[in-house]
Amino acid sequence: MNVAVRSHATTKQASQHFDVLIVGAGISGIGSAYHIQKQLPGTSYVILETQETFGGTWSTHRYPGIRSDSDLHTFGYSFKPWVGPPIATAEEILSYMKEVIDDNGIARHIRYKHKINSASWSSEQNLWTIEAVTTDTGEPKIFTANFLWMCQGYYRHSEGYTPQWRGMDRFKGRIVHPQTWPDDIDLANKKVVVIGSGATAATLVPNIADQCAHVTMLQRSPTYFRLGRNAIEIAEELRRLQVDETWIHEIVRRKILFEQDAFTKLCVSKPEQVKKELIGQISAILGPDYDVETHFTPKYRPWRQRIAFVPDADLFKGIASGKASVVTDEIECFVENGIQLKSGKVLEADIIVTATGFNLAALGDIEFEIDGKPLAFGDTVTYRGMMFTGVPNMVWVFGYFRASWTLRVDLVADFVCRLLGHMKAKGARKVEVKLRPEDHNMPILPWIDPENFNPGYMMRNMDLLPKRGDKPEWQHSQDYWTEKDEIPKTDLDDKAFVYG
């Protein structure tokens, strides 16, 4: 690769060239930037970020109490010890990310307020051309890059998913989505209904309970939760012994990952046992008279959807205190003073919060072209959830559902750096993945098996995602404990990789 940043004249304006262009300055983009600096020194790169600052989810989501729903010892990067409580606030996570940026001189590589409109690949030039616009001035910007590293996440940051219920225009109160939480909202003495039962609702409800007259979590069906202290005993003990934080980080990560693996396997092998234990924790707090069967007993086996961790059981303590409550029912329609349920009951509300999920945006709402033809991302087949048939010189970071997202950031980054080094050694300017002769009769399936994992935002938009095969290398297995061994051993000269 040519490491110097060059300027090229185009018919539109001068473009800036980089060896690697990273899309997004969230947890994935910053982690990827660290690895490329560390493993491929001298490689020129730029990060384009739509927002005015780094952080992705942790800067765009500003609802009360926003926190991680997985532990920071594994959600944090492998290369930087996490020294705080395992479940962290957005502010704590942003502070951690800022240290990574400052300590490694990453800030000078980030271009904020750069919204990418299109990305075009030319096989003639072996080059990506990225057209962007600055969000504050509207000035067009053009970049070219040898390699595109997609770290933009998987959902649309500008708006959350809100179903359209009948009568929403009749409601005289305020409707808000947590993803676009307004600064001017006043919860004091208000009746608040939070629609949803996932991690966002479970975080929001206990964090606003003391501000409202009352808050109700309205759910169509129950979700599984895990309860526990927001602390890890072995980490506390090792700190008392004044063990180096780098050692603590590695020991705690390994312990958590070992336990997560065992728990995930138990969810499959003994789902009823896991179900009983999870629901038993809730019953112990809410008492024998609470209808746990209706409100906290899901109909699916554990881990078919994400299990949110509730630190110090704050959601359930809020319910036990009477400041919060749960209603399990379906929405018939909105009415002037709240929500009419299918049971006939009217749930009164001054403010309705729709914690109803994301809008999937598989490629960041960027228009992609390959040699002048629009890319139909849903028609491609994925190679380990990172590369895609017919899409040269591009890797996508898509994390884990059953383990921390960032674990895959590190794995993919190691893979990309090894791939770029391999291309340089071969004198190749282009690489893409292609189904091999032995794959010709392989079944082509949806991105993920709904029997394995089936959150609503995935099921609603499965057609936007690439296809998978039934072989490990042609799917994103969601199994970190297998991938952590398999991906580093990937044979880059396998027939699945085509160089040019």
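**Figure 1. Overall dimensions of the predicted model.** The protein has 500 residues and a radius of gyration of 24 Å. A compact globule with 500 residues would have a radius of gyration near 23 Å, so the value for the protein agrees. Along the principal axes, the C-alpha atoms fill a box of roughly 70 × 55 × 50 Å.

**Figure 2. Helices, strands and contacts across the whole protein.** The protein contains 13 helices and 24 strands. Of its 500 residues, 54% count as buried. Consider the contacts with a separation of 6 or more: residues 24 or more positions apart account for 70% of them.

**Figure 3. Surface and charges of the protein.** The protein exposes about 21800 Å². Carbon and sulfur atoms supply 49% of that area. There are 57 positive and 63 negative charges. The mean positions of the positive and the negative charges lie 2 Å apart.

**Figure 4. The hairpin of strand 5 and strand 6.** Strand 5 covers residues 114–122, and strand 6 covers residues 127–134. The two strands run antiparallel, joined by eight bridges. Trp 121 stands opposite Trp 128 in strand 6. Four residues lie between the two strands. Asn 126 sits in this turn, with a positive phi of about 50°.

**Figure 5. The hairpin of strand 6 and strand 7.** Strand 6 also pairs with strand 7, residues 140–150. Six bridges join these strands, which run antiparallel. One of the partners is Pro 140 in strand 7, bridged to Val 133. Five residues lie between strand 6 and strand 7. In the turn, Gly 138 has a positive phi of about 75°. Strand 6 thus takes part in two hairpins, one with strand 5 and one with strand 7.

**Figure 6. Thr 134 in strand 6.** Thr 134 belongs to strand 6. Its relative accessibility is 7%. Buried means under 20%, so Thr 134 counts as buried. Set aside the neighbours within four places in sequence. Thr 134 is then in contact with Lys 113, His 114, Glu 139 and Lys 141. Of these contacts, His 114 lies in strand 5, which covers residues 114–122. Lys 141 lies in strand 7, which covers residues 140–150.

Conventions:
Residues numbered from 1 in each chain as written. Predicted model: local features only at pLDDT ≥ 70, side-chain atom pairs only at ≥ 80, totals over all residues. Heavy atoms only, no water. Rg over C-alpha atoms; globule rule 2.2 N^0.38 Å. Buried < 20%, exposed > 50% of the residue type's maximum accessible area, 1.4 Å probe, protein only. Contact = heavy atoms within 4.5 Å. Areas by Shrake-Rupley, 256 points an atom, 1.4 Å probe, with all protein chains shown as cover. Lys, Arg positive; Asp, Glu negative; His and termini not counted. Charge placed at Lys NZ, Arg CZ, Asp CG, Glu CD. Pairing = 2+ DSSP bridges.
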